[in-house]
Every structure is written in C-alpha cells, then in structure tokens.
Amino acid sequence: MTPRTFFTSRARRRVLAVLAALVVAAAGTACDGDPKPWSAFGPIGELDSPTPVRYYEPVFSDVDVTSNITWSTAPDLDDDPMAMKLDVYEPRGDTVTHRPAVVVAHSGGFFIGSKTNSVSVDLARHFAKAGYVVISIDYRRLANVDCGSLQGLISDASGCKVAAMAATSDGQAAVRWLRANADTYGVDAERIAMIGDSAGAIMAILAGMLADVPGNPEDPASIEAMAGAPLNTSNLDQSSEVQAWSSISGGLPPTETPGLAEKLAESETLPSPGYLFSGTKDNQTPFAWSEATRDELVKLGRFVFWGPLEGAGHVPYSAYGTLFKTQSTRLFYLAMGSDAATS
C-alpha cells in the first residue's frame with residue numbers, strides 16, 4: 001500500500017518542523033522525513049527550551065471549571081431521549097482566545113462512571129494547565145453489563161458493541177459541540193483532540209478512526225454502520241474529525257480489526273495521529289487488542305505512538321499517570337499546538 005498523507009498540510013508542516021527534535025523513533029524514516037508505513041513510534045522527547053512551553057506542558061497554576069452544562073440529547077435503546085452534561089476546564093487568567101481543545105472521556109465499561117471520575121478530572125486539569133480548553137463529558141452508557149468485567153469476552157448479550165458505538169457517537173458529537181461553541185469558549189475549531197481511559201480510550205480510538213461517520217453511517221470507515229447503535233445527531237453541521245487522540249488501556253476487539261486498514265483506506269478522511277498505552281497484563285482490555293489496533297494503523301501509514309507497559313494491568317494510573325499526561329500532551333502539541341502559543 002502506498003502511504004497517504006499523514007496530516008492535513010497545515011499540521012504536517014508543523015509536525016515535520018519539530019519531529020526530528022522530539023521523537024525518539026522505534027524504527028526508521030523514509031527519505032522525506034515521514035515514518036515508514038510499517039513503523040510505530042516510541043516515546044516523544046523533551047523540547048529544548050529554557051522556559052515552559054504552552055500546550056506542551058503545564059504553564060498555569062490553576063484552572064476554572066464550569067460544571068454541568070447540558071450539551072446534548074440522544075436516544076437510548078428504547079428511543080427515549082437522554083440528556084448529557086459536561087464540565088468545561090479553562091486555564092485561570094488566560095488571555096489567549098484561540099486555543100486548541102481536548103475532549104476527555106471517562107472509563108466504566110460503557111455501564112458506569114461519569115465525567116467526574118478521578119482520572120478524567122486529573123487529565124482535564126492537566127491539559128487546562130497546559131493552556132487547552134478541556135471538556136470532560138458524560139455520555140450514554142447503554143451496555144447490559146460492565147464490559148470491562150468480561151475480560152475481553154464480548155457477546156451480543158452484553159450489548160457492549162452497540163454501547164461502544166453509541167458512546168463513540170456521543171464522543172464525536174462532543175467534538176461537534178466544541179466547534180459549534182468555539183467562539184464562546186475561545187477554541188480554535190481546527191484543533192481538537194480526544195483522550196480517555198478504558199471505555200473512554202476505546203471511544204478516543206474510534207473517534208480518531210471514524211471521522212464523520214455519525215453523520216454518514218454508510219461511510220466505508222463505519223464499523224458495520226456503527227453496529228446499529230442509536231446515533232447522536234446533534235450539531236451535524238459541524239465536523240466530528242479530531243486532530244489527535246490518546247488511548248489509556250484501550251484497543252479494538254479482534255472481531256473488528258481484521259481488514260480494518262483496508263476499509264479505512266477507502267474513507268475520505270484517514271485516521272488522525274494517536275498514542276496507544278497498554279499494560280501487557282491487562283485483563284479487561286487485552287494487550288492484544290491494542291497491538292492489533294496499532295498494526296492496522298501502521299498498515300495505513302499513520303502516525304501511531306506505542307506505549308507498552310511491561311507487567312502492568314488495566315489503567316495503571318497511580319504508576320503511570322505522569323507518563324500518560326506527559327506523552328499525550330507532547331503528541332497533542334506536535335499535532336496541533338506548536339504554532340499557536342500567541343494566537
């Protein structure tokens with residue numbers, strides 16, 4: 001397969017300008033500076049800067065939070081409307097008004113959890129301190145069981161696949177909400193990323209892969225036309241595309257990954273750059289799921305950063321939280337932040 005363009009032209013120019021200085025690559029590069037399509041990247045190195053750099057690391061000491069904004073209504077499995085809320089995190093005292101944004105999606109096996117989960121709050125505060133506008137979202141939890149309790153043995157009776165796709169549709173709708181409200185919250189609508197842990201990580205992966213599928217379920221990128229899930233159709237005049245994503249203990253099940261690269265290659269919008277963190281002893285979202293997802297992305301020639309955690313289990317945040325935040329922030333800076341610190 002001939003590698004296709006990695007980013008938009010704007011983002012690609014930005015990335016190639018700093019890639020050599022920032023990326024400690026796990027494999028070789030092509031003659032034009034792009035990674036070979038069979039390569040996955042390792043950790044992203046530090047910037048050579050005497051002072052803290054906005055969007056790359058925390059530069060604010062505190063954040064302001066606006067809580068419980070009703071941002072969308074979407075149908076449940078009985079077609080009854082469900083209202084969802086989000087919290088907005090912004091850097092306190094910030095004077096910049098054209099800022100990249102991050103969507104944070106919580107864990108809970110598509111069955112439990114909320115926007116105030118401890119990991120979600122910590123991630124949201126971290127990115128806001130780095131200068132981003134952040135929304136931590138509630139989404140529909142439509143599974144019949146905690147999907148994380150099934151140790152990867154997903155069945156139709158669990159409702160996990162439909163729930164995952166409905167939640168992904170909500171995640172993409174949250175991206176569209178940010179674009180629709182960009183002026184209100186000082187957001188640059190061309191620069192939005194997504195991060196999540198566990199169920200939220202799966203949402204981030206799929207949001208990075210599927211682009212505008214909720215508005216066009218017949219798109220070739222659709223995984224079985226979103227598995228028949230009830231879709232979130234709010235703000236369909238906006239794009240669902242994210243410019244980067246990060247997955248903490250996420251991955252796609254083996255029933256979905258075979259041939260996925262070929263299917264996605266037919267889509268007009270190819271997957272955005274992402275980071276996959278996975279514990280080798282994860283018994284909820286198996287390590288093999290993350291490996292298979294990585295392999296499909298590199299078949300497409302996409303930028304994918306790989307963070308295997310030897311001996312770690314599911315969402316080992318107490319041990320690796322700093323790593324997750326640092327590396328994800330560096331990726332988002334690479335993909336969308338480095339030319340906008342003064343915008």
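## Strand β7 and its surroundings: worked exercises

Phe-277 stands opposite Gly-307 in β8. The model you're looking at is predicted, so let's work through what it shows.

**Exercise 1. Place β7 in the sheet: which strands does β7 pair with, and in what sense?**

Step 1. Start on one side. Strand β6 (residues 244-248) runs parallel to β7, and 4 bridges join the two. One partnership to pick out here is Ile-248 with Phe-277 of β7.

Step 2. Now the other neighbour. β7 and strand β8 (residues 304-309) are also parallel, paired over 6 bridges. Look for Tyr-275, whose bridge partner in β8 is Phe-305.

Step 3. Follow the chain between β7 and β8. It passes through helix α7 (residues 287-299), and this β-α-β crossover is right-handed.

Step 4. Zoom out. The open sheet has 8 strands in the order β1-β2-β4-β3-β5-β6-β7-β8, and the pairing is mixed. At the edges sit β1 (63-75) and β8, each of which pairs on one side only. From one strand to the next, the twist averages 20°.

**Exercise 2. Are the two faces of β7 covered or open?**

Step 1. Recall the basic pattern: in a regular strand, side chains alternate between the two faces of the sheet.

Step 2. Split β7 accordingly. Gly-274, Leu-276 and Ser-278 fall on one side, while Tyr-275, Phe-277 and Gly-279 fall on the other.

Step 3. Check burial. Both sets are buried, so both faces are covered. Counting along the strand (residues 274-279) says it too: 6 of its 6 residues are buried.

**Exercise 3. Classify the ring pair Tyr-56 and Tyr-333, then say where the two residues lie.**

Step 1. You need two numbers, since a pair of aromatic rings is described by the distance of the centres and the angle of the planes.

Step 2. For Tyr-56 and Tyr-333, the centres are 5.2 Å apart and the planes meet at 75°. Angles over 60 degrees count as edge-to-face, so that's what this pair is.

Step 3. Locate both ends. Tyr-56 is in the loop between α1 (9-22) and β1, and Tyr-333 is in helix α8 (residues 317-337), so you'd walk 277 residues along the chain to get from one to the other.

Step 4. Check exposure. Tyr-56 has a relative accessible area of 5% and Tyr-333 has 8%. The cut-off for buried is under 20%, so Tyr-56 is buried and so is Tyr-333.

**Exercise 4. What kind of aromatic pair do Tyr-317 and Phe-324 form, and which cluster do they belong to?**

Step 1. Take the geometry: 6.1 Å centre to centre and 40° between the planes, which makes the pair tilted.

Step 2. Add burial. Phe-324 is buried at 0% relative accessible area, and Tyr-317 counts as buried at 14%.

Step 3. Trace the linked rings. The cluster holds Phe-41, Tyr-275, Phe-277, Phe-303, Phe-305, Tyr-317, Tyr-320 and Phe-324. Tyr-275 and Phe-277 are old friends from β7.

Step 4. For the overall tally, the structure holds 13 aromatic pairs.

**Exercise 5. Which residues does Ser-328 touch, apart from its neighbours within four places in sequence?**

Step 1. Find Ser-328 in helix α8. Its relative accessible area is 0%, so Ser-328 is buried.

Step 2. List the contacts: Phe-127, Ile-195, Ser-246, Phe-277 and Leu-323. There's Phe-277 again.

Step 3. Compare with Tyr-56. The C-alpha atoms of Ser-328 and Tyr-56 are 9.2 Å apart, though the two positions lie 272 residues apart along the chain.

**Exercise 6. Where do Phe-110 and Ser-198 lie, and what's notable about phi?**

Step 1. Set the expectation: most residues other than glycine have a negative phi.

Step 2. Phe-110 has a phi near 60°, a positive value. Look for Phe-110 in the loop between β3 and α2, where Phe-110 is buried at 4% relative accessible area.

Step 3. Ser-198 also has a positive phi, near 60°. Ser-198 sits in the loop between β5 and α5 (199-210) and counts as buried at 8% relative accessibility.

Terms used: Residues numbered from 1 in each chain as written. Predicted model: local features only at pLDDT ≥ 70, side-chain atom pairs only at ≥ 80, totals over all residues. Heavy atoms only, no water. Buried < 20%, exposed > 50% of the residue type's maximum accessible area, 1.4 Å probe, protein only. Pairing = 2+ DSSP bridges. Right-handed = clockwise from strand over helix to strand, strands pointing away. Axes fitted to C-alpha atoms, helices over the stretch in contact; angles between N-to-C directions. Phe/Tyr/Trp six-rings, centres within 6.5 Å; stacked < 30°, edge-to-face > 60°. Contact = heavy atoms within 4.5 Å.
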